[in-house]
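Fresh notebook page, new structure to get to know. I'll jot things down in the order I looked them up.

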Amino acid sequence: MLRIERERLIGKPVDEVTLEDVTGLGALLGDYFGKERTLFVSGRDFYPASRMFKRALTAGLMSSGVEVLDFHESINGEIAFSIKRFGARGGFSIVQDPYDPVKIMIRIFKAPGVEIVGGELEKIVLKERTIRAGERKVGWVNYAEYIHKLYVSALTSFVKTDIIIDEKLSIVAGSSRGALDIILPELFTSIKTDSIVFSTRKMIEERSGYPLVDEMLKTAKIVDALNADLGVIFNNDASSLTVYTKRTGFLLPEELGIILLSRYRPGSKILIDKWWNSKYVEEIGSHYHVVKANDEEEFFMKLRKEQPVLAINGKGEVVIPLFSLGYDGLLGFMALLEAISLSNKDLWGEIVETRSKLAVEGFGCFNLESIVGMCAEKGASCVKFAEGIRVERNNVVYTYLYDPSRNCFREIA
C-alpha cells in the first residue's frame, strides 16, 4: 500500500510498495491530470527497483491514455525543467530514498514543474478511480535520449559561462552514483573547468543514507591533497548539493544561500524553511526580504505565490524559479560558480568572518549515534541532510555538521 512519509510516497520495494500499487498510482495520475493526449515526463536513478517501478507507473499512465516521455536515468532538475520546456501536464521520478536506501521514493510533479507533496499528494493517492465503460485509447511512450544535452545547454545559457571559464576553477565533484555520472563530464567540458568527478559507491545496494559521511570524507581529502578551489557532493537525484573548501570546511545550507544571494540586489526575496539557523535568518533579513515556510507543502505553495528570486531549505535543496520550480542542485552549483566568478571579494573569508561574528559554532564534537539518540528524546524533532543532522528542541534548531578534520559532528546553534 502506498503511504505518505516525509510528505512523499516512500516505502520498501515489494514488501511495502508493490507493482500493483505503483501501476494503480499511474492510472490515478492519468485520471487526475486529464487522461488522453496528456503528456507526462518520467525519470529514475540507477537503482534496480527504480527501473522496475518506473515501468509499472508508466504502464498505469498509458492505461489512462497518457503519453509518456521517458528520460531513462535523470536527475530531479531535469524533470522539473522538462515539464516547463515541453509543456507537459506533469511528471514523476523514482529514486532510491537518500534517507533510507532500502526504500524507494516517488516524486510527483505538476505543471509548470512544481513538486506535489503532503496533503495534495495524499488526496490523489486516496482518490478512487472512475472506471468508464467503452473503448479507451491506450497511451504511448517515447524515449528522449537527448535530454542531458538539452539540459546542460540550458544550464550553461542561464549563467554567465564566459566568466566561469575565465575563472579557471579546479573542482572535485561526487556524483553519488546517480545520473550525474553521465551529466557532469559533459557539463565540465562545456565550461572548460579542471575537474575530477568520482562515484562514491561500487554497488548501489551498499549505499548508506544521510548524512553522507563517506562521500564528505573522500571529497575533503581529494580537495585538500590537490589544493582544489572547492569540492561539491550531490545526492543521488541531484536535488541538493554540499560544498566544501579547505578554508571553510563544509558550508551550511545557510552559507550557500548567502553566496547565491550575492547574485541579486539587496531587497530581493528569498524563501527558506523552518530549519534555518535563526542567526543566519537575522543576518540575511537585514539585506533581503525573507519568506519562511513551516513545511514542504507550504514551501512549494509560497514558491509560486511569493515568486522569490531564490529558494533554499535547511537541507541544501535549491530552487531558482526563473529557471524551474523544482529542487535542482546542479543549477545551484552553476549559480555558485557564477557568484564566485562575479565577486571581487574573498567569499570564503567572508563566510569565516560571518561565522565568527554570529558566534554560531559550539565547542562540542559528537558521533552520529549520540545525535540520533537526541532525536529520540521527548519533544525533539530531527531532519537529516547530506552534511549532518538538525535537531529542534524548545523551538531552537541545533545543527550538527560533519567535520572531516576531526571525523565527528560539530554543534552549531
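**Entry 1: a pair of residues.** I began with Leu-9 and looked for its bridge partner in β6, which turned out to be Ile-106. Before going on, a reminder to myself: this is a predicted model.

**Entry 2: the strands behind that pair.** I checked how β2, residues 8-11, runs against β6, and the pairing is antiparallel, over three bridges. Then I turned to β5, residues 90-96. How many bridges join β5 to β6? I found seven, and these two strands run antiparallel. Ile-106 came up again here, since Ile-94 stands opposite Ile-106 in β6.

**Entry 3: on to β7.** β6 also pairs with β7, residues 114-116, in the antiparallel sense, and I noted three bridges. Within this pairing, Ile-108 stands opposite Ile-116 in β7. β6 and β7 make a hairpin, with three residues between them. I looked at Gly-113 in the turn and wrote down a positive phi of about 120 degrees.

**Entry 4: cover on β6.** Is β6 mostly covered or mostly open? It is mostly covered: I get six buried residues out of the seven in this strand, which spans 104-110. For the chain as a whole, 59% of the 413 residues count as buried.

**Entry 5: another sheet.** Next I looked up an open sheet of four strands, and its order reads β15-β14-β16-β17, with mixed pairing. Which strands sit at the edges? They are β15 (289-293) and β17 (318-319), and each of them pairs on one side only. Inside the sheet I picked β14 (residues 269-273) and β16 (residues 310-312), which pair in the parallel sense over two bridges. There, Ile-270 stands opposite Leu-310 in β16.

**Entry 6: stepping back.** I tallied the chain at 14 helices and 22 strands. Its radius of gyration is 21 Å and the globule rule gives 22 Å for 413 residues, so the chain is as compact as a globular protein of that length. Along the principal axes, I noted a C-alpha trace of about 70 × 55 × 45 Å. I also looked at contacts with a separation of 6 or more: residues 24 or more positions apart account for 69% of them.

**Entry 7: surface and charge.** The accessible surface of the chain comes to about 17000 Å², and carbon and sulfur atoms hold 51% of that. Last, I counted charges: 53 positive and 57 negative side chains, with the centres of the two sets 3 Å apart.

Note on methods: Residues are numbered from 1 along each chain as its sequence is written. This is a predicted model: local features need pLDDT of at least 70, side-chain atom pairs count only at pLDDT 80 or more; totals for chains, interfaces and linings use all residues. Side-chain values use heavy atoms; hydrogens and water are left out. The radius of gyration is taken over C-alpha atoms; the globule rule is 2.2 Å times the number of residues to the power 0.38. Buried means under 20% relative accessible area, exposed over 50%, partly exposed in between (1.4 Å probe, protein chains only). Contact means heavy atoms within 4.5 Å. Accessible areas come from the Shrake-Rupley method with a 1.4 Å probe; for residues, only the protein chains shown count as cover. Lys and Arg count as positive and Asp and Glu as negative; His and the chain ends are not counted. The place of a charge is taken as NZ of Lys, CZ of Arg, CG of Asp or CD of Glu. Two strands pair if DSSP finds at least two bridges between them.
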